[in-house]
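User: I should like to understand the terms used to describe a structure such as this one. Could you explain them in turn?

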There are 2 protein chains.
Amino acid sequence: MATISDVAERTGLSKATVSRVINNHPYISKEKRELVYKAMEELGYQPNPSARRLRGQLTNTIGVIVPRIVNPFFSYLVDALEQVAYENNYQVLMFQSDEKKDKELYFLNLLKTKQVDGLIMTAIENEREVIESYTRFGPILFCNEYLSQSEIPVVRVDQSKAAYIGTKHLLDRGYRKIAYCTGGLFVDDGKDKDRNIGFQKALNDHQININTAWVFINKHTIEDGRHVMRQIAGMNEKPDAIFTGSDEIAAGVILEAKSLGMKIPEDLAVMGFDDQPIAEMIDPALTTIQQPIKEMGTISVDMLLRLLKNQPLDQKHKELSVELVIRSST
Amino acid sequence: MATISDVAERTGLSKATVSRVINNHPYISKEKRELVYKAMEELGYQPNPSARRLRGQLTNTIGVIVPRIVNPFFSYLVDALEQVAYENNYQVLMFQSDEKKDKELYFLNLLKTKQVDGLIMTAIENEREVIESYTRFGPILFCNEYLSQSEIPVVRVDQSKAAYIGTKHLLDRGYRKIAYCTGGLFVDDGKDKDRNIGFQKALNDHQININTAWVFINKHTIEDGRHVMRQIAGMNEKPDAIFTGSDEIAAGVILEAKSLGMKIPEDLAVMGFDDQPIAEMIDPALTTIQQPIKEMGTISVDMLLRLLKNQPLDQKHKELSVELVIRSST
DNA sequence: TTGTAAGCGTTATCAG
DNA sequence: CTGATAACGCTTACAA
């Protein structure tokens, strides 16, 4: 590998001058500049990133932490993040937290050890204080998640409104006995709580009380959805609609309902969340809430790059709006 | 950030000794070793990776290049790769080639500039010579892809056999007019060609000739599948079965067929490929060919780490076997 | 078993 | 406008 010294030698200039050319400094004569370019070309020279980093430069790498990449929501998000990063000459170091505190900590340390310039977190496992303590090593941005009372910037959709819209749609269609799934663990923070609020608000608007027997917590997968459906099937008083919180759970509910001989939406209306590809594929197609994933990715990277360049943020808390996609399951 | 000098100072030892402790060198007294550990702990010391790299060490990062992460096959593969990498204390730098030569080249350069120790390629865009020229900067491994006449190690499934098994299943069920989709562009290399061979072989076994009107090239998405189905619907002589080459295309075919009022498999049997989650979700559920993704990921990382450590490989060309999953679409 | 010192490839500072 | 030099944090001969 050619080094800056090789280029210097070949041009008869000093390393300093070559470095200046590489970094587009002003006050260099046209001739020498071109001389350097030529030599770099001939030698196939590439600056050594490790040396640059050691010297205190940026790494041109941003870290992205997701719970699991196989969740389509996150693979689409990472897709968007990676593309925007690439356009800005940044690389993405992707990491799965697997919803484990220690894996998240491991990754936060990459910021500390300067392996990434900044971090986009799409999941939060550790306490606020822990995560905030890492901000002194570089900018952190929450994407699709947040911690209340935290100064860490956020890009997210208004989950409370999203749940409200979804629930209201069910109410508008005349359903009154609405079940509810949440991925949450009753934590006092983050997006699950917001969804709960939106759900409750919609019910309140219609003076309906929540039937706690119809609330299912800690649900995530298709299998969870099937399980929920079996539980419902065994109830004396059954709901007539369900707000699932994810297309995957919704798909599980529908699959199980069909195998139990039930009709969707006649016997049970099913509302998804995310508008993933399966929403269109399942029969009946899912009514669901579309999140602006691409936009969220674009804005997140933009904001993080601003933070990296110490440019001001117009807002620390960017909120995107969702859209109801009505299909056949409600 | 604490440096090795801080640790040295605090312990009253030299940087060299501290370094030896960090790197588990032999011939260090127990006392000093523990002294160093204690100081590292107290200072929250973490070795600076850039300095280590500059000094010629490994980066503990492997690069993984995929065409698009939103393709479930690849998100599951990356999931597996990342998990095994993590267990071995490696990080994954994920990159999407987007099927573009220049993006792939950009990423290959990370090997040249020592930002990754080795590379796992799950897609190949550039010519053999180009890619091979990068092997002098670090090990490259093909996963689920390969180039003939190349010395680059490979982990893959026997695609020819997979296509053979799938086609044979259709023949065994009595279908004789079999259509065929390929993602390929008629290149002379790689897995698409192998599938073609397997498909042809199965037909040959039954003395059936390929009807070129039923061969569809460059198909990848659900939308492509819908398009294929519309084309078929417009034909005078229609196939009675289709080997799609991916669950996504198969899903598109089925969705469009249903909206055209056709029955699956009565009017058209549909064979998927991959056994992605949608295979179970679509109605009728897809008969498909299951690829051992998890295993492929595990073996790939293992092999690359061996290469990194200059350990011998038992075989340069590891072939995994597939399994036919029979459901209701055939 | 431990310490000294050189060097990895850059860039910033200072001097010219 | 250009050059010499030090420094970033670490590892490894070589010496002791």
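Analyst: The following exchange takes up symmetry, the contact between chains, the domains and the DNA strands. This is a predicted model, in which local features need pLDDT of at least 70, side-chain atom pairs count only at pLDDT 80 or more, and totals for chains, interfaces and linings use all residues. Residues are numbered from 1 along each chain as its sequence is written, while chains are lettered from A and ligands numbered from 1 in the order in which they are written.

User: Why is the relation of chain B to chain A called that of a two-fold axis?

Analyst: Two copies of a chain are related by a rotation about an axis and a shift along it. Here a turn of 180° with a shift of 0.0 Å along the axis lays chain B on chain A with an RMSD of 0.2 Å. The copies are superposed by least squares on the C-alpha atoms of residues with pLDDT of at least 70 in both. This is therefore the relation of a two-fold axis.

User: How do you know that the copies meet through the same surface?

Analyst: Two residues are in contact if their C-beta atoms, placed from the backbone, lie within 7 Å. The contact takes 32 residues from chain A and 32 residues from chain B. Of the interface residues of chain B, 97% are also interface residues in chain A, so the copies meet through the same surface.

User: Which residue classes make up the side of chain B that touches chain A?

Analyst: That side divides into 16 nonpolar, nine polar and seven charged residues. Ala, Val, Leu, Ile, Met, Phe, Trp, Tyr, Cys and Pro count as nonpolar, Asp, Glu, Lys and Arg as charged, and the others, Gly among them, as polar.

User: What makes up the domains of chain A?

Analyst: The bounds come from an automatic or database domain assignment, which gives domain 1 (4-44 + 60-156 + 294-319) and domain 2 (159-290). Their centres, taken over C-alpha atoms, are separated by 37 Å.

User: What makes a residue count as near a DNA strand, and which come nearest to DNA strand C?

Analyst: The C-beta atom of the residue, placed from the backbone, must lie within 6 Å of the strand. Around DNA strand C there are 26 residues, of which A:I4, A:N48, A:A51, B:A16 and B:Y27 come nearest.

User: Which element gives the most to the surface near DNA strand D?

Analyst: Helices (H or I, at least four residues) and strands (E, at least two) are DSSP runs, numbered from the N terminus. With five residues, α2(B) gives the most to that surface. For DNA strand C the largest share, four residues, comes from α2(A).
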